[in-house]
Amino acid sequence: MSEWMIDARDVAYRYPFTEAPALEGISFRLRKGEAMLVTGASGCGKSTLLRLLNGLIPNHYKGTLTGALRVAGETCPVPMETLAKRVGTVLQNPDEQFFATSVEEEVALTLEWQCRPRDEIRRRVDDALRVLDLTDFARRSVFTLSSGEKQKATLAAVLAAEADLVVMDEPTANLSPEATDELARLILRLKAHGVTLVIVDHRLYWLHGVLDRLLVLERGRAVFNAEKMPGGEDLLDLLAAQPRVAEWGLRRVDVSRPELPACDTFGAPAVEIRGLTFRHSKKSRLIFDGFSANVPRGAVTAIVGANGAGKTTLARLLCGLAKPQAGEILHEGRALRRRDIRERAAFVMQQMDIQLFMRTVREELLFSAPRAVPRAVREAEADRLLALFGLAHLAERHPQSLSGGEKQRLVIACALMKRPSLLILDEPTSGLDGRNMRVIAAQLAQFALDGGAALLITHDLELLELVAQCQLRIEGKLQSGGESPPVAP
Amino acid sequence: MRALSVSSEALDIRTRLLLSLVVSGVSIYLSGTGPLLALGAATLLYVLASGRYKVILVAYLAVCAMMALTVGVILLSFKIGEWFAAGTSWEQGVAMLKPALLGNFHTPFLRMIPALNVLLAIGLDFSVQRFVGAMKSLHLPRVVLVPLMVFCRFVPEFIDVIRQLRDAVRMRGFSMSLGAALLHPIQAIRLTFVPLTVRTLRMADHLSVAAEMKRVGYAKRPTQLLALRFRRVDFAVLAVAACLLAAICAWQAAIPATPYGPSSMKSDQQQEAAHE
């Protein structure tokens, strides 16, 4: 067998019914035990390359492939069942990948369908769970795991199947900074075990010292394609030094954790939380127990806390989507009915598809405006927001036909169209490239400058660095903001 | 009571599925009040072992409400007939219904009780994981097994999507309640149908991709890591159930036929002769 795990020479690919190729002139080689990052602005062809490597193209997604591509010793195109034995895939959202309901069964699933002997499956599952410190989670339901644990369970399944090549699509999009650091360490361990990795990601900072090759795509073509030389410069530093890097719409290669003051001391409160007590049902655990805090007006506040601490639950309470068992939430000093709160607040949820209802992008924006606003004013405001968010050329498109990044911008524009006094965003930039992330950051900053109170739930350190001004920390059973510990979102 | 539970993890899901199948079949065969009450009582003990008394009470109240509703609708139809002078009068209707209420009117409802009990015993402690495991161990063909796995995987996620959609709709100032749907049906369709359809199609695509990548469906008989095994308690419960069911069926066979059930099906002529 060749020493190359991947050998791509002048690879081009075109989806059916499209004129422009999704990929063109892609050439690179990757050895066993090496790691490569593929990055670039949204729509540059990253995911297409990943689908070529794991065999989904042309087995699941049809199209025209030209050039020479060898993956794990097989010349593509190869039947899916052949490639699936050698290539493991980790998707952006592990929930979309789970097929079984318990961790152990999920890890064993591929082996079961390969009809491996039961003893062998047991040994390989146990080994994979041990390597990823998941032994204690074996019988847990996959639905009860945190994002980081889910990502590890997916990786364990890939390891148990003894994949030679692992391709990862935006693996950090839903991970906390701590879980992201752990993933980087894990990748180094996998490399040491001879596993080859191809990582497709917008976030770059976490891959310092991990990469052997870096490929930047722009409109389907490689604009930066570098291999790490022994003792050579780190590839991300090399990328940052490129003169055209700003044009490629990438995220920054160096990001630090911002230290933010507590929100209680930051300014006049827009929302006051007094003695909040909440649990989902009588039998569930208490999430908030007499929690008090202030959300300042005219600032972007980061809600900070570990996975499962109750960040999204707090957002639902503040928006009037859930009712606390005790305590009160005052908006502009007044206790409002939940319906009135929902009129004043806007909440951008993680799941974009379920927040888009209308036939065109423009109608979606008009539908979001308060009914009392005159039609002419609404239309002018919609035009302004379409231009601000770079959606003007998509005004007559169906919202559900937009790309992920475009949908994210549209949903935030719809939230602003509502003219809220309180704007809450739950992971608004996961899976977004640098250019789009900066557009959203700028609009958030402007909202705060105009006197609005913005609450941000995010693991995106770069976004926090750009716009967050103070923090609201929650830790399971909560206490008020108080002293300011360093941010560890 | 929970410690003594026979419907919890102590019993194999296949035992519970078999019990529900057989008990439902037997309850169709039975027509006598005595045998049906006996079967109802035996299966009630079985479901009470789950310790979920409140849910069981609610289910029984629902059956009572259903029975009351049935009687109410019949009486109402007589009343309407009387108003329009086009059918049986109220007094005649009540007079006709009275023997049925005192006689065998309750039989269909009594038949529901054992089926309700055995289904509750499954539903109150349902685990998708154990259910799929049981289906795998039955070596079902993959054309049945794979859709079943997809279905079991799909349902919890779909419920979560509905919950999120309800929040999204409420944040736009609308409601997903039945009243709102009746008042504004087109708007209700737009607010629910479009996002749910798109999300469901996307979920289906993701699941099919995941299945391809994990080779699900590529083998005729996949290995099963966690093999389910019948234990002593399963054999004991099945033996007791078999004895009880045999005794109840024997009791039914020994009593005179009633107007309901297969054992009592008589021709019209026979029934008329009996009346005469």
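Two strands are said to pair if DSSP finds at least two bridges between them. In this predicted model, that idea is a handy way into chain A, where strand β13 (residues 299-304) and strand β19 run parallel and are joined by 4 bridges. Within this pairing, A:Ala302 has A:Gln471 of β19(A) as its bridge partner. Strand β19 (residues 470-473) of chain A is covered on both faces. On one side A:Cys470 and A:Leu472 are buried, and on the other side A:Gln471 and A:Arg473 are buried too.

Strand β13 of chain A also appears among the elements around a helix, α14. This helix (residues 434-449) of chain A contains 16 residues, and the span from its first C-alpha to its last is 22 Å, close to the 22 Å expected at 1.5 Å a residue. Its buried residues include A:Met437, A:Ile440, A:Ala441, A:Leu444, A:Phe447 and A:Ala448. In general, an α-helix has 3.6 residues a turn, so residues three or four places apart point the same way. The buried residues of α14(A) pack against β13, α12 (375-388), α13 (404-417), β17 (422-426), β18 (453-457) and α15 (461-467) of chain A. After α14(A) comes A:Gly451, with a positive phi near 100 degrees.

A second group of strands in chain A forms an open sheet. Its 4 strands follow the order β12-β11-β14-β15 (chain A), and the pairing is antiparallel. Strands β12 (288-296) and β15 (334-335) of chain A each have a single partner strand and stand at the edges, so one side of each is left without a neighbour in the sheet. At the β15 edge, strand β14 (residues 326-331) of chain A pairs with β15(A) in the antiparallel sense over 2 bridges. Here A:Leu330 stands opposite A:Ala335 of β15(A). The loop between β14 and β15 of chain A holds A:Glu332. Although it is not a glycine, A:Glu332 has a positive phi of about 50 degrees. A:Glu332 has 15 other C-beta atoms within 10 Å and is therefore partly exposed. The sheet also meets a helix: α9 (residues 311-318) of chain A lies across β11 (269-278) and β14 of chain A, and runs at about 115 degrees to β11(A).

Some further backbone features deserve a look. Most residues other than glycine have a negative phi, and most peptide bonds are trans. Like A:Glu332, which has a positive phi, A:Glu170 has a positive phi, here about 45 degrees, although it is not a glycine. A:Glu170 is found in the loop between β7 (165-169) and α7 (177-192) of chain A. With 23 C-beta neighbours inside 10 Å, A:Glu170 counts as buried. Two cis peptide bonds can be described as well. One runs from A:Ile57 to A:Pro58, with omega near 5 degrees, and A:Pro58 belongs to helix α2 of chain A. The other joins A:Cys76 and A:Pro77, with omega about 5 degrees, and A:Pro77 lies in the loop between β5 (74-75) and α3 of chain A.

Helix α1 (residues 46-54) of chain A has 8 of its 9 residues buried, so it is largely enclosed by the rest of the structure. The buried residues include A:Leu49, A:Leu50, A:Leu52 and A:Leu53, and also A:Lys46 and A:Arg51. A:Gly55 follows α1(A) and has a positive phi, near 90 degrees.

Turning to the two chains together, the contact takes 44 residues from chain A and 37 residues from chain B. On chain A, the side that touches chain B draws at least two residues from each of α2 (56-59), α3 (80-84), α4 (103-113), α5 (118-131), α10 (338-344) and β16 (345-348). Helix α4(A) gives the largest share, 6 residues. By type, this side of chain A divides into 20 nonpolar, 13 polar and 11 charged residues.

Finally, a word on confidence. The model scores ipTM 0.84 and pTM 0.77. In chain B the average pLDDT is 79, and 80% of the residues score at least 70. Residues 1-8 of chain B have a pLDDT below 50, and this stretch has 22 contacts in the model beyond near neighbours in sequence. Residues 260-269 of chain B also have a pLDDT below 50, with 18 such contacts. Where pLDDT is low, the predicted coordinates should not be read in detail.

How values were computed:
Residues are numbered from 1 along each chain as its sequence is written. Chains are lettered from A and ligands numbered from 1 in the order in which they are written. This is a predicted model: local features need pLDDT of at least 70, side-chain atom pairs count only at pLDDT 80 or more; totals for chains, interfaces and linings use all residues. Two residues are in contact if their C-beta atoms, placed from the backbone, lie within 7 Å. Axes are lines fitted to C-alpha atoms, for helices over the stretch in contact, and angles run from 0 to 180 degrees between N-to-C directions. Ala, Val, Leu, Ile, Met, Phe, Trp, Tyr, Cys and Pro count as nonpolar, Asp, Glu, Lys and Arg as charged, and the others, Gly among them, as polar. A residue is buried if 20 or more other C-beta atoms lie within 10 Å of its own, exposed if 12 or fewer, and partly exposed in between; C-beta atoms are placed from the backbone. pLDDT is the predictor's confidence in each residue, from 0 to 100. The expected span of a helix is 1.5 Å times one less than its number of residues.
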